[in-house]
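Visitor: Could you take me through this model, beginning with its interior and then turning to single helices and strands?

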Amino acid sequence: MRRVFILFCAIALVCCLTLTASAVEMTVTRSVAILDFENADKEGKADDWLCAGMAETLITKLRQVKDLRLVERKQILKAMEELDFTATDFFDTDKSAELAKFLKVDVLLVGGFQHYGESIRITARFVDVATGEVLEAVDIKGEMDTIFDLQDQLALKLIETMGIATTRSEMKAVAKQPTTSLSALELYSKALDATDPAESIPLFEAAIEADPQYKEAYNDLAVVHMDQGDFASAVELLKKALEIDSSYFLPHFNLGVCYNRLGQPDEAVRSYTRAIDSNPAYINAYLAAAEVLIAKGDNAAAIGLARQAVDLDPADVRGINLWGNALYGQKEYEEAIKKYEEVLELDPEGAYAYYNIANCHADLGRTDAALDYYGKALEADSEYALAYYRRAGVYHYTLDESRKAVIDYTAYIRLVPGDPDGYVGLARAYANLGDADNAKDAYAKAVELRDDEPNALNELANLLYNEASYVQAEHLYLQALRADPDFVYAYHNLGRLYAYARQDQDTAADYFTRALKIDRNYSPSLVEASLVELRRQNWDNMISYLMRGRKLEPGNSFWHYYLGYAYDEKAQQERAQGETRTAQRYNETAAKHLGEAARLDPNDPDIPNLLGNLKLNEGKPAEAIPYYEQALKLNADHLYATVNLAAAGRRLARYDDAERLYKRALEIEPSYAYAAHELASMYDQDLQRVEDAIAAYKRYLELVGEDAQVESRIKELQEFGE
């Protein structure tokens with residue numbers, strides 16, 4: 001069989017080149033499957049090379065006929081194996097009908113030969129696979145050295161039996177011999193049957209040496225190299241085939257495959273286009289070019305090629321499915337669904353079509369419909385891995401049903417154990433369930449499969465960070481950055497580690513800066529960078545980050561709240577330096593931002609608390625009090641509003657209220673040393689309640705440990721009391 005390298009694509013939508021066996025090479029009429037010929041002389045093993053050789057030569061010739069479709073040899077062998085089909089079954093009506101349904105062909109060519117002396121006898125039967133009826137029987141005799149002419153007769157007889165009208169150029173192409181060297185044909189045929197590249201490569205090379213113009217041998221030798229991933233060597237061989245015959249379409253097609261795998265999609269499309277120009281009936285070239293264009297995002301051009309493929313064979317589901325994929329790429333989900341439904345009309349068991357419909361519904365937000373169609377895909381094919389993977393994503397990210405996600409990710413991993421993405425998904429689902437141990441195990445497996453997978457490294461590090469394993473976490477974050485120097489999440493998380501775990505704000509600031517160089521608009525890093533600057537009391541830098549965040553998310557009260565905080569701090573600085581006019585301007589700006597924050601989030605008690613601070617810092621405690629009271633109305637246990645309201649009351653000499661509020665703050669948070677200190681200070685400085693002051697100062701010292709100034713004041717008060 002003429003060999004063509006076929007790619008399998010594991011993307012969110014299933015490419016039409018990866019269909020179920022029942023859909024591959026589906027045709028309507030004028031379709032034929034040519035089986036390897038049988039050697040009638042069971043003892044004459046030396047002639048077995050002719051079995052594949054004659055079938056291959058016929059296929060080479062008949063591929064030149066536009067209105068004839070040929071099934072790939074490997075698909076025929078697969079069908080026969082799955083159906084336990086033998087040569088004698090061609091005359092069993094039920095078995096033939098079963099094979100016909102599987103392959104969707106009209107005619108099977110079943111042939112044999114007998115080589116005796118210098119002569120050879122070739123017999124062939126053209127079997128209607130739907131009925132088992134023999135449409136034509138051919139018996140050709142001749143000398144072995146005329147075998148090429150005998151094969152021409154057989155090809156012409158098949159065209160006649162199928163009732164196909166041919167053009168003069170097609171007949172000329174059919175009559176053209178792949179090689180005139182019997183030795184080259186023998187070596188080539190043996191190479192086709194070899195399963196080990198170590199065996200097939202020398203045979204192909206020997207065939208080329210026997211006939212340096214044997215372009216099919218160059219093409220098929222290239223395919224062996226492609227199978228081994230050696231695309232560079234394959235390209236050179238394919239170019240040599242085209243030097244012999246620039247109109248030979250298969251090397252153009254296979255060059256397209258090579259260029260695509262080498263990361264040169266534009267060259268791939270050009271090569272597929274040349275294959276189409278050389279053989280406008282070669283449907284695989286249209287499909288492969290459309291697939292590359294979809295991957296490039298050129299869906300409009302892909303639709304054009306898919307439409308041409310469908311025109312060539314309206315019953316070939318691959319073209320219809322690719323058309324749907326291109327519509328999906330254009331987010332024309334409803335139109336894509338219609339195409340996938342057309343596929344299901346032709347291939348009702350097509351799991352890939354159910355899967356693609358499910359993806360459309362998922363992207364349209366129709367969760368129930370998506371789950372229903374993922375289920376149908378799995379009913380059609382219980383081992384359809386991508387359906388498990390995508391359904392797990394719906395359970396996890398859309399429905400927050402992580403236990404169901406775990407089940408589906410586990411099923412996906414069983415089917416595709418070498419894909420780290422499956423383990424990453426499983427780990428995330430476990431993490432969402434709070435099962436850190438299983439999450440770590442899954443991430444570790446993902447890293448084992450691919451130690452340069454930055455998401456797995458980063459997210460495993462996050463789990464270790466949460467467990468306070470900071471050294472291990474840092475190591476993994478840095479490993480993620482070695483895998484991807486532009487991985488913004490690892491820079492961000494390193495910044496968090498240094499900001500909170502190590503209290504190193506300068507290093508944290510550096511990491512957040514690096515994250516924002518990669519993604520200027522990465523909101524989490526803008527948040528953390530602004531808070532680092534708050535801790536460093538670098539108000540101008542803080543304001544700069546906050547202004548960028550506000551521009552990105554104008555409806556997020558966070559930015560306005562902290563802008564109010566920063567401008568309040570700047571106002572206090574200016575006020576301390578006697579710059580009252582500038583301080584007032586900053587104060588007004590702070591009030592404006594806090595007012596906007598309150599509008600956006602009227603239930604956040606922190607906002608009125610900070611508005612109260614603005615008034616208190618301006619020396620207006622009476623105006624501050626309503627804000628603190630509003631904060632406490634929103635949260636009766638708001639610690640800072642309680643303390644600040646106490647401070648405002650103290651300034652207004654409302655000492656009973658202040659005392660009650662300071663004590664209330666210590667009820668809310670018994671370890672809040674500031675409240676104990678302020679209560680002691682009020683007893684000491686404002687009320688001259690010596691014993692109460694000493695007791696409150698001592699409570700403060702119990703909380704902070706040491707404070708020389710307070711210890712000295714206690715001694716003074718004790719001496720005064722004596």
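Visitor: Which residues have the most contacts inside the largest nonpolar core?
Guide: This is a predicted model, in which local features need pLDDT of at least 70 and side-chain atom pairs count only at pLDDT 80 or more, while totals for chains, interfaces and linings use all residues. Residues are numbered from 1 along each chain as its sequence is written, and side-chain values use heavy atoms, with hydrogens and water left out. A nonpolar core is a set of buried (under 20% relative accessible area, 1.4 Å probe, protein chains only) Ala, Val, Leu, Ile, Met, Phe, Trp, Tyr and Cys residues joined through side-chain atoms within 4.5 Å. The largest such core has 193 residues, and those with the most contacts inside it are Ile34, Phe37 and Leu154.

Visitor: Which helix gives the largest share of this core?
Guide: The largest share amounts to ten residues. Helices are DSSP runs of H or I with at least four residues, strands are runs of E with at least two, and both are numbered from the N terminus. The helix in question, spanning residues 283-296, is α12.

Visitor: How many residues does the other core have?
Guide: Another core lies apart from the largest one, and Ala641, Leu645, Ala673 and Ile694 are among its members. Its size is 36 residues.

Visitor: Is helix α24 largely enclosed or open, and against which helices do its buried residues pack?
Guide: Ten of the 14 residues of α24 are buried, so the helix is largely enclosed by the rest of the structure. Those buried residues include Val488, Tyr491, Leu494 and Tyr498. In terms of contact, meaning heavy atoms within 4.5 Å, they pack against α22 (454-466), α23 (470-483), α25 (505-518) and α26 (523-535).

Visitor: Which residue of β5 stands opposite Glu136 in β6?
Guide: Strand β5 (residues 119-128) is mostly covered, with seven of its ten residues buried. Two strands pair if DSSP finds at least two bridges between them; β5 pairs antiparallel with β4 (residues 107-116) over ten bridges, and nine bridges join β5 to the antiparallel β6 (residues 134-143). Within the pairing of β5 and β6, the residue opposite Glu136 is Phe126.

Visitor: Does His252 count as buried or exposed?
Guide: His252 lies in helix α10 (residues 249-261). Leaving aside residues up to four places away in sequence, His252 touches Leu242, Ser246, Ser271, Tyr272, Arg274, Ala275 and Ser278. Because its relative accessibility is 9%, His252 counts as buried.

How values were computed:
Buried means under 20% relative accessible area, exposed over 50%, partly exposed in between (1.4 Å probe, protein chains only).
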